[in-house]
Amino acid sequence: MTTERPRPLLIVEDDLALQKQLRWSFDQFETLTAADRESALAQIHRHAPPVVTMDLGLPPDADSVSEGFRLLEQILAAAPDTKVIVLTGQNDHANALRAIALGAYDFFAKPFEPELLALTIDRAFRLHDLQQENRRLQAVQHPTALSGLLTRDANMQRVCRTIEKVANSNATVLLLGESGTGKELLARGLHESSPRVKERFVAINCAAIPENLLESELFGYEKGAFTGAAKTTPGKIETANGGTLMLDEIGDLPLPLQAKLLRFLQERVVERLGGRQEIAVDVRIVCATHQNLKSQISDGRFREDLYYRLAEIVVPIPPLRERTGDATLLAHAFVHKFAEEQKRGSMTLGEDAVRSIENHRWPGNVRELENCLKRAVIMADGSRITRDDIGLGGNDEGETEFIDLRKVRDDAERHAIVTALGRANNNLMKTAEILGISRPTLYDLMHRLGLKSQNS
């Protein structure tokens, strides 16, 4: 039979006698204590307690509330879901109101009844649990349109969060990235995360259609507008009414059509070729290009006024070579996918194949990787894909550096401490505050890593 571990409760109190009393009163929780702002932040980063009780009067100036309010703001910035219960003095109504305005969950005036405070703490834990459960259920019942996009890279994850944030707006989005980075996948994800999801997603590649046909493709034409126009045909813009239109490779749009597209974005009406009737269209525009549009503006090949209409939200997409760990992550997924499609059973990547994938620059990005793994699955003799099956040639001879987790961690800690020491001008108290750790922990880390402060 297992017993449930007590919930962590952080008590921030510089009066050691009252701190001891609070720990005794709330022994049903795993009580963590801190006597100042610095050690309180260290406990927040280390244990992430759902509930915090804190005195506003903290050292170095316990008679002032400035340190307490600074701590309250930092707790809620670091952990917004944390329920902070502020302890104030009698007749301190103004500071209590200020604390609630900053985001505190509740307040109690000293002296207080431990039983009543315990009830409030218990209620705060319950609310925190309900909010976390509600968030989990929403994620399960309503998975995001981008939940299937595989990435461990922090920059690519930020791209996904940006797409999710702007999905509910009608802002025009410009996706910038090399060919094969997944611009259309992100555009579809934007559409499927938006209120327009029940309407059509229409994509057109501006570089793939001859200039003399592109205008009729975009804006449509009336019967008899030109030779071969046997019937009235709506264009892509009109077809996407109510939904989302993706204009891929917008940098290749001819200048005359740029002017016509700009008018549509301003007026939200289209006029078919050979027609005189203005047709109102409600459509979300998403554009994509691998080109430098600002450079094209300087060269006179792209209209500056159109650029600012299209670039309400600009989302740069990192190439695969800059997405740490994503090449091998995607490679394993592609092997599984294509092995199922080709009825090859269970297939795996050999270590030499993984090293080859990690060392390759992937100029064609995810599209190149996908094609490479599809070919490897088809051509492999057995169930294990080798470097020769991958067939990336002789440009990837270097071996991937052996990953020593302890060394990686030490290097990261050394870099963080040295950077923080520089920002704090070698003041150890400020350095510990920047890093979110206590001074004793900082001393231990510096000793272990062989770092010395210039002030020591």
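Domain bounds here come from an automatic or database domain assignment. The model is predicted.

**Exercise 1.** State which domains the assignment gives and how far apart the C-alpha centres of domain 1 and domain 2 lie.

Solution.
- Step 1: The assignment lists domain 1 (8–139), domain 2 (154–318), domain 3 (321–399) and domain 4 (405–449).
- Step 2: Between the C-alpha centres of domain 1 and domain 2 the separation is 51 Å.

**Exercise 2.** Locate the salt bridge of glutamate 178 and arginine 321, and classify both residues as buried, partly exposed or exposed.

Solution.
- Step 1: The side chains of glutamate 178 and arginine 321 form a salt bridge with an N to O distance of 2.5 Å.
- Step 2: Glutamate 178 sits in the loop between strand E6 (173–176) and helix H7 (183–192), while arginine 321 sits in the loop between strand E14 (313–316) and helix H13 (326–341); the pair is 143 residues apart and links distant parts of the chain.
- Step 3: Buried requires under 20% relative accessible area and exposed over 50%. Glutamate 178 has 28% relative accessibility, so it is partly exposed. Arginine 321 has 31%, so it is partly exposed as well.

**Exercise 3.** Do the analysis for arginine 272 and glutamate 222, and decide whether each is buried or partly exposed.

Solution.
- Step 1: A salt bridge joins the two side chains of arginine 272 and glutamate 222 at 3.3 Å, N to O.
- Step 2: Arginine 272 belongs to the loop between strand E11 (269–270) and strand E12 (279–280), and glutamate 222 to the loop between strand E8 (220–221) and strand E9 (233–234), 50 residues apart.
- Step 3: Arginine 272 counts as buried because its relative accessibility is 16%. Glutamate 222, at 22%, counts as partly exposed.

**Exercise 4.** Name the helices that the salt bridge of glutamate 370 and lysine 337 links, and classify its partners.

Solution.
- Step 1: Glutamate 370 and lysine 337 meet through their side chains in a salt bridge of 3.3 Å, N to O.
- Step 2: Glutamate 370 is in helix H15 (residues 365–379) and lysine 337 in helix H13, with their positions 33 residues apart in the chain numbering.
- Step 3: Glutamate 370 has 25% relative accessibility and is therefore partly exposed. Lysine 337 has a relative accessible area of 35%, so it is partly exposed.

**Exercise 5.** Give the count of salt bridges, and name the residues linked in a network with Arg37.

Solution.
- Step 1: The count is 23 salt bridges.
- Step 2: Arg37 is linked with Glu67, Arg70 and Glu433 in a network of salt bridges.

How values were computed
Residues numbered from 1 in each chain as written. Predicted model: local features only at pLDDT ≥ 70, side-chain atom pairs only at ≥ 80, totals over all residues. Heavy atoms only, no water. Salt bridge = Lys/Arg side-chain N within 4 Å of Asp/Glu carboxyl O. Helix = DSSP H or I, 4+ residues; strand = E, 2+ residues; numbered from the N terminus. Buried < 20%, exposed > 50% of the residue type's maximum accessible area, 1.4 Å probe, protein only.
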